[in-house]
Amino acid sequence: MEYMRGFIDRYQGSGKGGDLSWLLQRVSGVALLVLLLGHFFIEHFVGGPLDYQHVAARLASPLWKVFDLTFVVFALYHGINGIFMNIEDYVHSGWRVFWKGFFWVVGIIYLVLAAITILPFKG
Amino acid sequence: MDWYRGRPHHISYKWHEGFVAWIFHRITGLLLILYLFLHEWVISTLQNPQGFTKAMAALENPLFKLLEVGLWLVASYHAINGLRVVLVNFAGAAERENYQGNVWIFWVIFAIVFVAGAIPMLMKL
């Protein structure tokens with residue numbers, strides 16, 4: 001993996017480069033704060049216990065589908081972007097390429113899992 | 001961090017208030033993404049009502065109720081410290097004297113928010 005060296009050195013840690021993902025991390029973080037408060041309030045304070053009927057009734061509505069999908073997209077983006085920042089700061093070998101690729105795949109799998117759970121749901 | 005000094009890619013850290021808050025921010029962040037993966041996996045059982053009911057019944061276990069308080073600890077820390085970081089970055093709170101002060105203000109706010117949320121959770125145990 002020595003041949004990757006020059007490429008990796010140019011992207012040495014989240015402190016150098018990556019200013020767009022840095023900014024988007026702040027933006028998505030603030031958005032998540034609002035979305036999380038809504039999610040938490042709805043699940044814990046409105047409409048009875050967390051059983052199938054309660055969750056299914058909410059998830060059948062298109063408006064909540066949009067809310068939940070937005071929430072999960074922001075959460076996955078923010079979380080995996082955070083993992084990327086950790087990889088950039090602590091992994092300085094060719095393994096960096098492996099771990100970033102690995103979490104790209106994990107992210108896409110979880111995005112698909114969310115989509116097939118939320119979108120076709122009829123209750 | 002002395003063991004790391006002089007290594008080819010070494011980053012030098014100073015043990016001030018913000019650094020400790022930042023270390024915890026990374027640890028809580030990693031715990032939260034791990035939780036998101038597990039949470040999404042459990043919620044995907046909604047496609048099968050029996051499966052969902054079974055999964056939710058398993059979560060009634062007191063161990064999970066206690067873990068929920070741990071989740072609140074981690075999530076409230078990450079959210080409130082994240083807000084502090086945004087203020088440091090964009091609201092001119094990065095000056096040295098303000099910066100040290102705001103970490104201590106953050107710990108107080110975090111403690112109040114965490115305890116206020118944890119009391120009703122523990123009362124349901």
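Biologist: In this predicted model, which ring has the charged end of R84(B) over it?

Modeller: The charge of an Arg counts as over a ring if CZ is within 6 Å of the ring centre and within 35 degrees of the ring normal. The charged end of R84(B) is 5.9 Å from the centre of the ring in question. That ring belongs to F106(B).

Biologist: Which aromatic residues form one cluster with F106(B)?

Modeller: Rings of Phe, Tyr and Trp pair if their centres lie within 6.5 Å. F106(B), whose ring lies under the charged end of R84(B), is part of one such aromatic cluster in chain B. Its other members are F24(B), Y77(B), W107(B), F110(B) and F114(B).

Biologist: Is the aromatic pair of F98(A) and F102(A) stacked or edge-to-face?

Modeller: Over all chains, the structure holds 24 aromatic pairs. In the pair of F98(A) and F102(A), the ring centres are 6.2 Å apart and the planes stand at 20 degrees to each other. Planes under 30 degrees apart count as stacked, and those over 60 count as edge-to-face. The pair is therefore stacked.

Biologist: Where do F98(A) and F102(A) lie?

Modeller: The two residues are four apart in the sequence, about one turn of a helix. F98(A) is partly exposed, because its relative accessibility is 42%. F102(A), at 37%, likewise counts as partly exposed. Both residues lie in helix α5 (residues 95-118) of chain A.

Biologist: With which residue does K100(A) form a salt bridge?

Modeller: Side chains of opposite charge can pair when their charged atoms come close. The closest N and O atoms of the pair that includes K100(A) are 2.6 Å apart. K100(A) is in helix α5 of chain A and its partner is in helix α4 of chain A, twelve residues away. The partner is E88(A).

Biologist: Over the face of which residue does K100(A) lie?

Modeller: K100(A) is partly exposed, because its relative accessibility is 23%. Besides its salt bridge with E88(A), K100(A) lies over a ring face at 5.3 Å from the ring centre. The ring is that of F84(A).

Biologist: Are R58(A) and D68(A) buried or exposed?

Modeller: R58(A) and D68(A) form a salt bridge, with their closest N and O atoms 3.2 Å apart. R58(A) lies in helix α3 (residues 52-59) of chain A and D68(A) in helix α4 (residues 62-90) of chain A, so this pair, ten residues apart, links distant parts of the chain. Both residues are buried.

Biologist: Which residues does H39(A) touch, not counting residues up to four places away in sequence?

Modeller: H39(A) is placed in helix α2 (residues 19-45) of chain A. At 18% relative accessibility, H39(A) counts as buried, because the limit is under 20%. One of the residues it touches belongs to chain B, namely H39(B). The full list is F67(A), D68(A), F71(A) and H39(B).

Biologist: How many salt bridges are there between chain A and chain B?

Modeller: The structure holds three salt bridges over all chains. In the pair of D89(A) and R26(B), the closest N and O atoms are 2.9 Å apart. D89(A) lies in helix α4 of chain A and R26(B) in helix α1 of chain B, so this pair joins two chains. The count between the chains is one.

Biologist: Are D89(A) and R26(B) buried or exposed?

Modeller: A residue is buried when its relative accessible area is under 20%. D89(A) has a relative accessibility of 8%, and therefore counts as buried. R26(B), at 13%, is placed in the same class, so the answer for it is also buried.

Biologist: Which residues of chain A lose the most area to chain B?

Modeller: The contact takes 34 residues from chain A and 28 residues from chain B. Between them, the chains bury about 2,600 Å², 69% of it on carbon and sulfur atoms. Three residues together account for 20% of what the chain A side buries. They are R26(A), Y52(A) and Y110(A).

Biologist: What ipTM does the predictor give the complex?

Modeller: Chain B has a mean pLDDT of 84, and 81% of its residues reach 70 or more. For the complex, the predictor gives a pTM of 0.84. The ipTM is 0.83.

Methods:
Residues are numbered from 1 along each chain as its sequence is written. Chains are lettered from A and ligands numbered from 1 in the order in which they are written. This is a predicted model: local features need pLDDT of at least 70, side-chain atom pairs count only at pLDDT 80 or more; totals for chains, interfaces and linings use all residues. Side-chain values use heavy atoms; hydrogens and water are left out. pLDDT is the predictor's confidence in each residue, from 0 to 100. Rings of Phe, Tyr and Trp (its six-membered ring) pair if their centres lie within 6.5 Å; planes under 30 degrees apart count as stacked, over 60 as edge-to-face and the rest as tilted. Buried means under 20% relative accessible area, exposed over 50%, partly exposed in between (1.4 Å probe, protein chains only). Contact means heavy atoms within 4.5 Å. Buried area is the accessible area (1.4 Å probe) that two parts lose on being put together, summed over both. A salt bridge is a side-chain nitrogen of Lys or Arg within 4 Å of a carboxyl oxygen of Asp or Glu.
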